[in-house]
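Dear colleague,

I am handing over a structure that will be new to you, and I would be glad if you could read through my notes with the model open beside you. They go from one place in the chain to the next.

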Amino acid sequence: MLTLLNPRHAEHIGRHEMFRGRLVDSHESPARVEHVLAELRRRPLGELREPAVGDNELMSALRAVHEPRYLDFLASAWDDWVALDPANAGIDALPSVWPLPNRHGFRQDGWPQNIAARLGQFAFDSGTPLTAGSWVAARAGAACALGAARAVLGGERCAFALTRPPGHHAGPGFYGGYCFLNNAAIAAQALRDGGPARVAMLDVDYHHGNGTQTIFYERADVLTLSLHGDPRTEYPFFLGHADERGAGAGEGFNRNWPLPRGTALAPWRSALDEALQAVSDVGATALVVPLGLDTFEGDPISGFQLRSADYAGIGAALASLKLPTVFTFEGGYAVAEVGTNAVNLLEGFERAA
Ligand code: Q9C
Ligand code: ZN
């Protein structure tokens, strides 16, 4: 298995996030990738390198799944934030006001100039710190996803984009859930562009992959599947229900398995088996797995009961599809165990492949 490491991940370092009315330390930290890296060095799975992707090709890959005005926003948000008040250089940018498009009659056709308002145009939560290095780190991470897709198109059975910030909550024109650029969607689109007529996305993060679902919701060429904590009680709350089946040409090409808080391995594996069957049924010829390890019993912000030893079998089950596969690193906040859990899954995949 080839691993593509984001050499600039640590430039995104959130200081705080809003949680239940308080600013708390950010759960999403550089140490997460460092622990996976350390475990990969202890138990090597193959070549580990940095991606080689040109700036122009990277930007076209970003534009293939994200809106131009959103990318423009991300490119200048930090400078705009500091321009608002020089003291902001020492504070992470978080939104605190939103136009609530669906119900509240606020205008969507305006173009607020105040960065405090613009954060609320593009962020769906106040838990995703935007920092001085967020844009550069997120772009370098997207390059890992693109590089992983290309490696698989070039004949690798499997490639792992080891990067943060994560991606699966980021949509065409929005960020949130610690995510800015949707690495898994970028990989899936690159796979599509490189040949495979149908790609499957099987999201195993604890949280619903709302950004990915939204990006591909009206498309039949990328089947999006997600197993996650039931959004009636779990973040991101407003998407991820079982009745979301896709729309238009994409009708039938989105499936969700919301599972109750407290779910342990057996019911989780039954849902996985159904998802694997769905991948086979549509005849996908490539697979993308947004790999969140926040299903772990020790995760501080999640509620499933998977154990470290369970991940090897999950990797083997994913390998049973016998598809060229890209993994993107997503959630997983039990920092001391995230490396063991990630490598257990990837090693389980590799051994079965
Ligand atoms: N008590 C990913 O795993 N905070 N993002 C929710 C819940 C946001 C998670 C707080 C969690 C986002 C990639
Ligand atoms: Zn998650």
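In which strand does Pro290 lie? Before I answer, please keep in mind that this is a predicted model, and that what follows was computed from its atoms.

Pro290 and its surroundings

Pro290 belongs to strand S9, which covers residues 286–291, and this proline is buried, with a relative accessible area of 0%. If its neighbours within four places in sequence are left aside, Pro290 is in contact with His168, Ala184, Met201, Leu202, Asp203, Val204, Asp205, Thr328 and Glu330. For a sense of distance across the fold, you could also look at Glu156, which is 134 residues from Pro290 along the chain and whose C-alpha atom is separated from that of Pro290 by 18 Å.

The zinc site

One of the contacts of Pro290 is Asp205, and Asp205 also appears among the protein donors of the zinc ion, ligand 2. Those donors are Asp205, listed twice through OD atoms, His207 through ND1 and Asp294 through OD, and they lie 1.9 to 2.8 Å from the ion. Along the chain the donors follow the spacing D-x1-H-x86-D, and both Asp205 and His207 are buried.

The cysteines

How many disulfides does a search of the whole structure find? The search finds zero, and two of the cysteines may serve to illustrate this result. The sulfur of Cys144 has its closest cysteine sulfur in Cys158, at 14 Å, which is too far for a bond, given that a disulfide needs a pair of cysteine sulfur atoms within 2.5 Å. Cys179 is likewise in no disulfide, since the nearest cysteine sulfur, that of Cys144, is 15 Å away. Cys144 is buried, with a relative accessible area of 0%, and Cys179 is buried as well, with a value of 1%.

Backbone features in two loops

As background to this part, most residues other than glycine have a negative phi, and most peptide bonds are trans. In the loop between strand S5 (158–162) and helix H6 (183–193) you will find Pro165, and the peptide bond that leads from Arg164 to Pro165 is cis, with omega near -5°. The loop between S5 and H6 also holds Tyr178, which has a positive phi of about 75° although it is not a glycine. Is Tyr178 buried or exposed? At 9% relative accessibility Tyr178 counts as buried, because the limit for that class is under 20%.

The loop between strand S7 (222–229) and strand S8 (254–259) contains Pro236, and the peptide bond from Tyr235 to Pro236 is cis, with omega near 10°. Phe237 is placed in the loop between S7 and S8 too, and this residue, although not a glycine, has a positive phi of about 65°. With 37% relative accessibility, Phe237 counts as partly exposed.

A cavity and a pocket

The structure holds one cavity of 30 Å³ or more, and about 60 Å³ of space lies in this largest cavity. Of the 13 residues that line the cavity, Asp203, Gly209, Thr224, Leu225 and Ser226 are the closest to its centre, and you may recall Asp203 as one of the contacts of Pro290. The elements that give two or more residues to the cavity lining are strand S6 (199–203), helix H7 (210–216), S7 and S8. By class, the lining of the largest cavity has three nonpolar, eight polar and two charged residues.

Which residues line the second largest pocket? They are Pro7, Arg8, Glu50, Pro51, Val53, Gly54, Asp55, Leu58, Val136, Arg139, Ala140 and Ala143. Two or more residues of that lining come from each of helix H2 (55–63) and helix H5 (134–153), and H5 gives the most, with four residues. About 180 Å³ of space lies in the second largest pocket, and its lining, sorted by class, has seven nonpolar, one polar and four charged residues.

With kind regards

Conventions:
Residues numbered from 1 in each chain as written. Chains lettered and ligands numbered in written order. Predicted model: local features only at pLDDT ≥ 70, side-chain atom pairs only at ≥ 80, totals over all residues. Heavy atoms only, no water. Donors = N, O, S within 2.8 Å, 3.2 Å for Na, K, Ca; no water. Buried < 20%, exposed > 50% of the residue type's maximum accessible area, 1.4 Å probe, protein only. 1 Å grid on protein atoms, 1.4 Å probe; cavity = no way out; pocket = protein on both sides within 12 Å on 5 of 7 lines; lining within 4 Å. Points joined across faces, edges and corners; volume = space filled by probe spheres on them. Nonpolar A, V, L, I, M, F, W, Y, C, P; charged D, E, K, R; others polar. Contact = heavy atoms within 4.5 Å.
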